[in-house]
Amino acid sequence: MGIVQPTTPAHEPAARIVTNIMHTFSVLSQFESGRLEILKFGGLVEDIVHCTELEFVPSAVDAALQTAANVSVSSELQNALLAAGFLWFVLPLLLQYDSTAEENETNESHGIGARVQIAKNLHAIHTAQALSKLCGLGGDGISSPSNLPAFNTLRALLTPRLADMLRNYPPKELLSNLNSNLESPEIIWNSSTRGELLKFVDEQRTSQGPDGSYDLTESQSFTYQALSKELNVGDVYLRVYNNQPDYEISDQEGFCISLLKFIAGLVQKWNSINSEENMMHEHDSVIDTSTENGEASDSANEGREDNLYEKGSKDETGVDCEVIMNLRSGLTSLQNLLTSNPGLAAFFASKERLTPLFECLALPVPPESNIPQICLSVLSLLTKHAPCLEAMVAERTSLILLFQILHCNPSCREGALAVLYSLASRPELAWAAAKHGGVVYILELILPLQEEIPMQQRAAAASLLGKLAGQPMHGPRVAITLARFLPDGLVSAIRDGPGEAVVSSLEQTTETPELVWTPAMAASLSAQLSTMAADLYQEQMKGRLVDWDVPEQASGQHVMKDEPQVGGIYVRLFLKDPKFPLRNPKRFLEGLLDQYVSSVAATHYEANAVDPELPLLLSAALVSLLRVHPALADHVGYLGYVPKLVAAMAYEGRRDTMASGQDTSRSQAEPIEHDNSDSVPETTVQTPQERVRLSCLRVLHQLASSTTCAEAMAATSAGTPQVVALLMKAIGWQGGSILALETLKRVVGAGNRARDALVAQGLKVGLVDVLLGILDWRAGGRQGLCNQMKWNESEASIGRVLAVEVLHAFATEGAHCSKVREILNASDVWSAYKDQKHDLFLPSNAQTSAAGVAGLIESSSSRLTYALTAAPSPQPALVRLPSSSPSPPSGPVNHASRRHS
């Protein structure tokens, strides 16, 4: 072998002999026994390697490469080839491939000329196959042991992606890449890298050990100068990948994990740099303090220290820039990877893997780096994966950090809002918003003090608040916190959305029963939110997890002074417009009932501790609400407020305002002394207690239209007042007569299943006799009762009509109808009234109005219109009985005949 040199021509006898010997070895090496014999003969492996450099004997080179490939199935022979420098002699052959050369299929031997390139191409193919087996990468079905030193060396020399192409790839694809100029995210290969490789190979050929063997240790750490400025993570060049984000990475999962480790390492490095800088600043401050205390310093030394400090600052600045640039490239690549492969988000479904990303948000980096923005984009992509959502909300400090970004980093608000909105369905975020001040940061964004915030961001913040307030578990806590700052009407608007409508409402002047809002109130609240957010941020920056809660009187600007508000509704504004479409009338009803019962009780026991006008205002609102929404009356019955209202009225009704009726005989009441004067009685001023009991009566009067409430009024128990007795007493109250009579008419209506109990109560207290006394027109009868009630002309006629209707209702078929009819049939007064049509004396819409007769009488906005005009006769019947008449008329006038006269 030593006779044949690389310059020996192929036609020399020695070259031919060597060629034949190599062909023989190429066949023998296919057998296990032949490989064992080759291993025994010292120097034979070196001869095989030596034959690969016979440039002018291509046939011998082919045979040597085939022999090397065959013996690579043995790990001992692999190591022997590597020690003999096989890599350094065959790697140049890979770079001689030309894909444009046409192969000659003739049987002519290889020679110089047109067929030389074909021979080189064949050498390159055999070299690729031999290297593949040498590394244990397989190829032709014959397995070979793995050889990590060889593979790691090739990864360093050929770059990772090209080295991986030795595994299950056609050799021509690898060879074409090695002899081309490429720039892709996984391969950067050009003439510079080829030149550096050949130079390094030549150096390795001459760097044999003392025993003549070669060592691969140095070659495994080889790096290309041409690629020194390229950032390679997970065998991917980030600069190229960020320019070609649609490129499909061969090992996406491995690249993703490598990127995450790379980012975590940079974050740790950046934190260590900042820690050193902080220590340096603290040291400088100590030195400055010492200098101020009188310690002298040498000016020359001071100048030298300043120069050293400036040099250190410049070096650190360079390191800082490199870290920032690399971190930005890594995050951008991660963003591109997750965009093209959303399924990779599953790798981040743990708190440990998300921590580096959230740490990036807190890094003190220059604004122009855009690192927080890119990081928020990555987190937004991860929120589309449900396990990632759970991992994000598991760490409360991360959620607080997202809220803080809204306050301190304007350029990142849009991204933070997007991430927070994706997390808003989780109870953990709603809790953090209410418990750790997130609501304040969001409200500060919706109501900015001076900063110009885009409408889109303000609307997004309002939508985020609405989603948080609607979260099933902790959303009510968010809504309660919002109610400390905003009127209930705005809180409802935020909950209902959309965000654009909320922002528009905040910028307008509004005065409705549900909302009173002005620009002055908005400006005042903005200033308060700005101060509160700044103080909260300073506390949180101290590193403590602050349990924040808004003060009880955090924002009183939105509460109108002296304006009662119930269930989010301003009561007086509601009374001005009762037909205003309320968002939640049932909630308003429940609030009115609760506060009304409480305020009435307060007037009973603490006369000076409550506004006496409050029960009247609440009762007016209750009546108006029930008139506009009649179906809500049933809800009052279900809530159990009817007995409470009856008891409240009964307490005030214990004052003896009706001296007749209850102590008289049921068969015939004794005459009551009364003033026979025709003059109008003087108006008496009602006491607060009298006004309160009338308010109770008005509420009961309105509720009596509901069958559910009417049946609830009939239900009595030991110690509770009976409603019929109470209403009978109310007939004698000033201003309550018509209300009481119509309430009686309603509660004993035909639809009430408990009407028999009510009739029994009426019989027990003598109500039938009292009503007959109201109807008695005779001078010796009970007309004094009418005068005692101080009715005017229209009220007197209406009162008699209602009394007749109540008696008719009592006489309707039932358990006690016979007893009632017996009393009525024995009365001359009833015989005069029972067959007449009395509704002609009622207002024309009394039968259809939800307010009833009493409501129409109380109305001061319109004059009453009666179905029957006043008669010209000087003796009007059922209107007012002249007390000066010497003898009573024989009976009431038949109004039906008068109508036709």
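Modeller: Before we look at single residues, note that helices here are DSSP runs of H or I with at least four residues, and that they are numbered from the N terminus. Please also keep in mind that this is a predicted model.

Colleague: With that in hand, where do Arg-693 and Glu-690 lie, and how are they separated?

Modeller: Both belong to helix H32, which covers residues 688-703, and because they are three residues apart there, about one helical turn separates them. Their side chains meet in a salt bridge, with 3.8 Å from N to O.

Colleague: Are these two partners buried or exposed, and where is the cut-off?

Modeller: Buried means under 20% relative accessible area, and partly exposed runs from there up to the exposed class, over 50%. Arg-693 has a relative accessible area of 3%, so this residue is buried, whereas Glu-690, at 22%, counts as partly exposed.

Colleague: Which side chains meet in a salt bridge in helix H2?

Modeller: There the side chains of Glu-32 and Arg-35 meet, at 2.8 Å from N to O, and these residues, being three apart in helix H2 (residues 32-40), are again separated by about one helical turn. Glu-32 is partly exposed at 48% relative accessibility, while Arg-35 is buried at 12%.

Colleague: Which salt bridge links distant parts of the chain?

Modeller: Glu-805 forms a salt bridge with Lys-745, and their closest N and O atoms are 2.7 Å apart. Glu-805 sits in helix H39 (residues 793-810) and Lys-745 in helix H35 (residues 737-747), so that the pair links parts of the chain 60 residues apart. The structure holds 21 salt bridges, and Arg-155, Asp-164 and Asp-235 are linked in a network of them.

Colleague: How should I read aromatic pairs, and how many are there?

Modeller: A pair of aromatic rings is described by the distance of the centres and the angle of the planes. A search of the whole structure finds six such pairs. In one of them, the ring centres of Phe-200 and Phe-222 are 4.5 Å apart with their planes at 35 degrees, so this pair is tilted. Phe-200 lies in helix H11 and Phe-222 in the loop between H11 and E3, so the pair ties together parts 22 residues apart in sequence. Both Phe-200 and Phe-222 are buried.

Colleague: What is the arrangement of Tyr-241 and Phe-255?

Modeller: That pair is edge-to-face, with 5.6 Å from centre to centre and 90 degrees between the planes. Tyr-241 lies in helix H12 (residues 238-243) and Phe-255 in helix H13 (residues 252-292), and both residues are buried.

Definitions and conventions. Residues numbered from 1 in each chain as written. Predicted model: local features only at pLDDT ≥ 70, side-chain atom pairs only at ≥ 80, totals over all residues. Heavy atoms only, no water. Phe/Tyr/Trp six-rings, centres within 6.5 Å; stacked < 30°, edge-to-face > 60°. Helix = DSSP H or I, 4+ residues; strand = E, 2+ residues; numbered from the N terminus. Buried < 20%, exposed > 50% of the residue type's maximum accessible area, 1.4 Å probe, protein only. Salt bridge = Lys/Arg side-chain N within 4 Å of Asp/Glu carboxyl O.
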